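Notebook open, coffee poured. I'm going through this one by looking things up in turn and jotting down what comes back.

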Amino acid sequence: MGGRWIERWEPEDEVFWREEGERIARRNLLFSVLSEHIGFSIWSLWSVMVLFMGPEYGVDPAGKFFLIGTATFVGALIRIPYTFVVARFGGRNWTVFSALLLLLPTGLAFAVMEPGTSYTTFVLVAALTGVGGGNFASSMTNINAFFPLRKKGWALGLNAGGGNIGVPVVQLVGLLVIGTAGAMHPRIVLGVYLPLIVVAAVCSALFMDNLAPVRNDTGAAKEAVRARHTWIMAFLYVGTFGSFIGYSFAFGLVLQTQFGRTPLQAASLTFIGPLLGSLVRPVGGSLADRHGGARITLWTFAAMAAATSVVIYASVIESLAVFLAGFVCLFVLSGLGNGSTFKMIPAIFLAQGHRKGLAGEAAEAYGRRLSGASMGIIGAVGGLGGLGINLAFRQSFQTSGTGTAAFVAFLVFYAACMGVTRAVYLRRPAAVPETAEAVTEPEPRPGYAKV
């Protein structure tokens, strides 16, 4: 077990947290954000590369959506193993390795990004960029173990938001390249990221730590798979993160295909929504810390349904200005929902520990164990929601030439998410509750519980 290992870690102990834990946790959070940020940029690389692929590449819009969808699909699936390797190899050690692994898809994209390359080659290279999506799962599992429950909403929101912002950053880099060097030079974007990957890996090696108390627990994985709340939260995360990543990858291509924007015009607008959605994610986690994740999540889905209605209206009347306003609102709301849903996860499993008769440190350990294991599954299913969005767009444009039908399907899904959130986490059952009230309190009080 090489590397820097911390043998004692008790974040719920206020004295330990104040004198030692908080400083270490914040340092690990900072460099986790850096590595995850680069990972998200590489995962979303093909949302930028397709803007460089003019007629000389011989790839139609449906083919471009498939390239984006391929990266989304692989990035979603790989999140499951990435969740459990943290305990096996250590958070610091895996962060270093996973950062260096990003050199492979980036270097290959640098080699093949030119007219005349076969479409099959592009698909394979796009699939490899999916490893960047896995960084989210390992990073969130790692940071979840560092922070006490009362700080998890803020810490996980900041960690994820800092990672999510890698999407608009790579899109801004693409805009800068298209605006200065032109759409014939995609390799400049790739050349920017190759040294940044090395910087992220070196910083992780120098400044991050492994937590010895976090051990690989296959029993936790099996229990998380069997837990119904894992799959309920995965469904809700499809609506929040699936929307964010799916829209982030497809936004520029939708503008080009439906509204006839040039690569430069599309690139100048593409980054706005993902940027705002990333910045607001910690706000969603913070609001959930104060008001309850389920309540914030419910109102977020209601607002997303309203914003989707605006987008459908704009698509029908072909108004770019109204379309942009509605779409940007969707990004902001999905970011809020990302923060609130992830705050719900540790609270739910802590409550389940109390329901099993556990108390104090035993309940907290159970909550950390199950929430960490479930995050990979929830994150993977949420990422697959991004694939669903891209496939819905592909089908909608193939059949009708617009994305209207896809947005109608999204509206129905958000309504379903509202119903599930209210039915499972906000109604007041007469029977024994599934969740615990005031999860930051040492002991839950009987009755309805807020998550």
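Entry 1, a spot on α11. I started with F207, which sits in helix α11 (residues 187–207). Helices here are DSSP runs of H or I with at least four residues, strands are runs of E with at least two, and both are numbered from the N terminus. F207 comes out partly exposed, at a relative accessible area of 34%. My labels are buried for under 20% relative accessible area, exposed for over 50% and partly exposed in between, with a 1.4 Å probe and protein chains only.

Note to self on the ground rules. This is a predicted model, so local features need pLDDT of at least 70 and side-chain atom pairs count only at pLDDT 80 or more, while totals for chains, interfaces and linings use all residues. Residues are numbered from 1 along each chain as its sequence is written, and side-chain values use heavy atoms, with hydrogens and water left out.

Entry 2, the patch. I looked up which residues join F207 on the surface: V198, V202, L206 and F207 make a nonpolar patch of about 320 Å². A patch takes residues with over 30% relative accessible area and no salt bridge; nonpolar side chains (Val, Leu, Ile, Met, Phe, Trp, Tyr) are joined within 5 Å, like charges within 9 Å. The areas are Shrake-Rupley with a 1.4 Å probe, and for residues only the protein chains shown count as cover.

Entry 3, across to α1. I checked F207 against R27: the two are 180 residues apart along the chain, yet their C-alpha atoms are separated by 7.2 Å. R27 is in helix α1 and is partly exposed at 23% relative accessibility.

Entry 4, salt bridges. How many salt bridges does a search of the whole structure find? I get six, taking a salt bridge as a side-chain nitrogen of Lys or Arg within 4 Å of a carboxyl oxygen of Asp or Glu. Side chains of opposite charge can pair when their charged atoms come close.

R27 turned up again here: D209 bridges to R27, with the closest N and O atoms 2.9 Å apart. D209 is in the loop between α11 and β2 (210–211) and R27 is in helix α1, so this pair ties together parts 182 residues apart in sequence. Is D209 buried or exposed? It's buried, at 5% relative accessible area. I also found R4 in the picture, since R4, R27 and D209 are linked in a network of salt bridges.

R187 and E114 were next, with a salt bridge of 3.1 Å, N to O. R187 is in helix α11 and E114 in the loop between α6 (103–112) and α7 (119–128), so they tie together parts 73 residues apart in sequence. R187 is partly exposed at 27%, and so is E114 at 36% relative accessibility.

The R26 and E22 bridge is a local affair: N to O is 3.2 Å, and both residues lie in helix α1, four residues apart, about one turn of the helix. R26 is partly exposed at 39%, and E22 is too, at 25%.

Entry 5, cavities. I searched the whole structure and got three cavities of 30 Å³ or more. A cavity is a set of points, on a 1 Å grid over the protein atoms alone, where a 1.4 Å probe fits but cannot get out, and lining residues have an atom within 4 Å of a point. Points are joined across faces, edges and corners, and volume is the space filled by probe spheres set on them.

The largest cavity holds about 60 Å³. I listed its lining as E12, L149, K152, P346, L350, E364, G367 and R368. α9 (149–164), α17 (320–355) and α18 (360–400) each give two or more of those residues, and α18 gives the most, with three. By class I get three nonpolar, one polar and four charged. For the classes, Ala, Val, Leu, Ile, Met, Phe, Trp, Tyr, Cys and Pro are nonpolar, Asp, Glu, Lys and Arg are charged, and the others, Gly among them, are polar.

The second largest cavity is about 50 Å³. α1 (14–43), α5 (91–101) and α8 (131–146) each supply at least two lining residues, with α5 giving the largest share, four. Its lining has one nonpolar, eight polar and one charged; S32, W94 and N135 are among them.

Entry 6, a backbone oddity. Most residues other than glycine have a negative phi. E318 isn't a glycine, but its phi is positive, about 60°. I placed E318 in the loop between α16 (293–317) and α17, and it is exposed at 65%.

Note on methods
On a 1 Å grid over the protein atoms alone, a cavity is a set of points where a 1.4 Å probe fits but cannot get out, and a pocket is an open set with protein on both sides within 12 Å along at least five of seven lines; lining residues have an atom within 4 Å of a point.
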